[in-house]
Every structure is written in C-alpha cells, then in structure tokens.
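Please open the structure in your viewer and keep the selection panel at hand. The tour below proposes one selection after another and states what is to be found at each stop.

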Amino acid sequence: MGNTITTKDGAIIDYKDWGAGTPVVFSHGWPLSADAWDPQLLFLAQQGFRTIAHDRRGHGRSSQPRTGNDMNGYADDLAALLDALDLRDVVLVGHSTGGGEVARYIGRHNTDRVAKAVLIAAVPPLMLKTAANPGGLPIDVFDQLRAGLVKDRSQFYKDLASPFYGANKPGASVSQGVLQQFWLWSMQSGLLNAYASIKAFSETDFSEDLAKFDIPTLILHGDADQIVPIDAAARQSSRMIPDATLKVYPGAPHGLTTTHQDQVNADLLAFIR
C-alpha cells in the first residue's frame, strides 16, 4: 500500500502522488489499476506537474468493498480524493471506464475544483445499444464478458489483452510484456468488483453529465478501438460537450495510452499547458 484515503463508507482508496505543480488526476480503465497510467504520471511529473492516480475501489491496491461498485460510487471516491488532498485547478484525465468516472464526477460534483478534462477512449455517452442509442453494443456483448469473467477470469483477461491493445491486428507490434502486464493488473481486481463494474461502464447513460461540462475538454480516441467503438463514444461525446476538441488517432486501439504513449503524452502536455 502507498498513500491511502478512507471514504465515508469505509473503502480504502490507494493512490500515487508524484511531482509538484498543477495537479493532474488520472482515472484508469477497467479492470486495471493506477499502474496503467505510469508512463503519463512519470512524464508529466518530469515536466513540472503534480500527477495523481488512484486505484478504483475493488481494483489494484484499494480495498474490495461489496457496495459502491457503480459510477456514482466511483465519482464520489474521486471527489473524496480531491477533497482530502484539497486539490484545485485540477486537470482530470480518464481512460475508458475512467472517462465515465470523470464525466459522472462533473455531473455530481460540478467543476469548482476542475480546470480542464481529458477523455481518452472513454465510455460516454452510453455503450449499451438502446432504442435511443442504436449505435451502441447489444447487451449480449456484456453478458458474454460477465460469463467469461466468472468461468475463468485468468484466461479471460489473457484473451482480452489482445483486442485491448490491437495485438490481433495484422502487422501489430505489441510486446508480450504489454499483454502480460494487462493480465497482472486485471488479476489484482476483485471478482465481485470487476463483475459489477461491467454493468457500471456499459449501462450508465452519461448524457446529462456531459451537458454539465463547462471547461476546456480534450477527447482522444483510436479509430481502430475494438473495445469502445469510436462512433458511439468519442464522436457522440464531442458533439454533446460544449467546445470539446476531438483528436482521432488513426489505427489506434483501446489501450492507446500504452501503444501510442509518446503521442498521448505530447497531446496531454500541450493541452494542459
């Protein structure tokens, strides 16, 4: 365990806090941990920023509570972290499920502490296909995730790593190390928590949250994302967030913070500055 805070309902949230300067706070994707942000944390800390990333409840080194494993719970944990550290003029950065966490944080807690936001391969506005969201993914997709998780979570995570980083595409050059670290991080999450989180990231509608964004917002997404398809996600969110900037990464997969690390780092730095 590193630095921790304890939330109102007793969950222990572990976080990293590197560097000094303007705070940049990172929310990770499912079912990973703050470690997935290490390249961005180190890079921005070296550029004169204070970089903070927490393990979502039920993930990484945080505790694995039975309750609060939904977007409201995640957003309130993020609020508890910002409050405990009394952070102001924060840049919030969320990847995938973490992008939903950032959106719900702004929806529930406003932007008093927030200066800018970045959504990377993020799940908003809504992943699930509905009558009002015909471009979403059918519920069967998420039922299959749940079934795979329960049956053999270790093999499930090993199999998921490949499409996550686009390693299943012709000509892809994704190292074994990258695929293995995805498995390692995923295995640190609690089964109950990872299972509940599938509903949270797939069935939460963030439309009303996105309407409350009143800060500069950068959206990064790969057009070869096999996990969160760009058309129903970033392209929609960029129309719903006032004055959002969408940057599409040609050929990039879901895990672009790793596969396109240098480009993401440069884009983050330019936007934050």
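Begin by selecting helix H10, residues 261-272. In this predicted model, H10 lies across five strands: E3 (23-27), E5 (90-95), E6, E7 and E8. Relative to E6, the helix runs at about 160°. An angle over 145° counts as roughly antiparallel, so H10 and E6 are roughly antiparallel to each other.

**The sheet beneath the helix**

Next, select the strands. In what order do the eight strands stand in the open sheet? The order is E1-E2-E4-E3-E5-E6-E7-E8, and the pairing is mixed. Strand E1 (3-6) and strand E8 (244-249) stand at the edges; each has a single partner strand, so one side of each is left without a neighbour in the sheet. From one strand to the next, the twist averages 20°. While the strands are displayed, a general point may be kept in mind: in a regular strand, side chains alternate between the two faces of the sheet.

**Pairs of strands**

Now select E6 (residues 114-120) together with E7 (residues 217-222). These two strands pair in the parallel sense, over four bridges. To see one bridge, pick Ala117, whose partner in E7 is Thr217.

Move on to strand E4, residues 50-54. Is E4 mostly covered or mostly uncovered? It is mostly covered, since four of its five residues are buried. With strand E2 (residues 12-18), E4 pairs in the antiparallel sense over four bridges; Lys16 has Ala53 of E4 as its bridge partner. With E3, E4 pairs in the parallel sense, again over four bridges. Here the residue to pick is Val25, whose bridge partner in E4 is Ile52.

**Two packed helices**

Hide the strands and select helix H2 (residues 71-84) and helix H3 (residues 97-109). Their axes are 8 Å apart, and the helices pack at an angle of about 75°. H2 and H3 are therefore roughly perpendicular to each other. On the H2 side, the contact is made by Met71, Asn72, Tyr74, Ala75, Asp76, Leu78, Ala79 and Leu82. On the H3 side, the residues to select are Thr97, Gly100, Glu101, Arg104, Tyr105, Arg108 and His109. Colour this contact by class: seven residues are nonpolar, four are polar and four are charged.

**A single residue in H6**

Select Leu191, which lies in helix H6 (residues 191-203). Its relative accessible area is 37%, so Leu191 is partly exposed. Which residues does Leu191 touch, if those up to four places away in sequence are not counted? They are Leu149 and Arg153. Then display the C-alpha atoms of Leu191 and Gly58: the two residues are 133 residues apart along the chain, yet these atoms are separated by 8.5 Å.

**The whole protein**

Finally, show everything at once. The protein has ten helices and eight strands. Its C-alpha atoms fill a box of roughly 40 × 40 × 40 Å along the principal axes. A compact globule of 273 residues would have a radius of gyration near 19 Å, and the 17 Å of this protein agrees with that. Buried residues make up 55% of the 273 residues. Of the contacts between residues at least 6 apart in sequence, 76% join residues at least 24 apart.

Methods:
Residues are numbered from 1 along each chain as its sequence is written. This is a predicted model: local features need pLDDT of at least 70, side-chain atom pairs count only at pLDDT 80 or more; totals for chains, interfaces and linings use all residues. Side-chain values use heavy atoms; hydrogens and water are left out. Axes are lines fitted to C-alpha atoms, for helices over the stretch in contact, and angles run from 0 to 180 degrees between N-to-C directions. Angles under 35 degrees count as roughly parallel, over 145 as roughly antiparallel, 65 to 115 as roughly perpendicular and the rest as oblique. Contact means heavy atoms within 4.5 Å. Ala, Val, Leu, Ile, Met, Phe, Trp, Tyr, Cys and Pro count as nonpolar, Asp, Glu, Lys and Arg as charged, and the others, Gly among them, as polar. Two strands pair if DSSP finds at least two bridges between them. The radius of gyration is taken over C-alpha atoms; the globule rule is 2.2 Å times the number of residues to the power 0.38. Buried means under 20% relative accessible area, exposed over 50%, partly exposed in between (1.4 Å probe, protein chains only).
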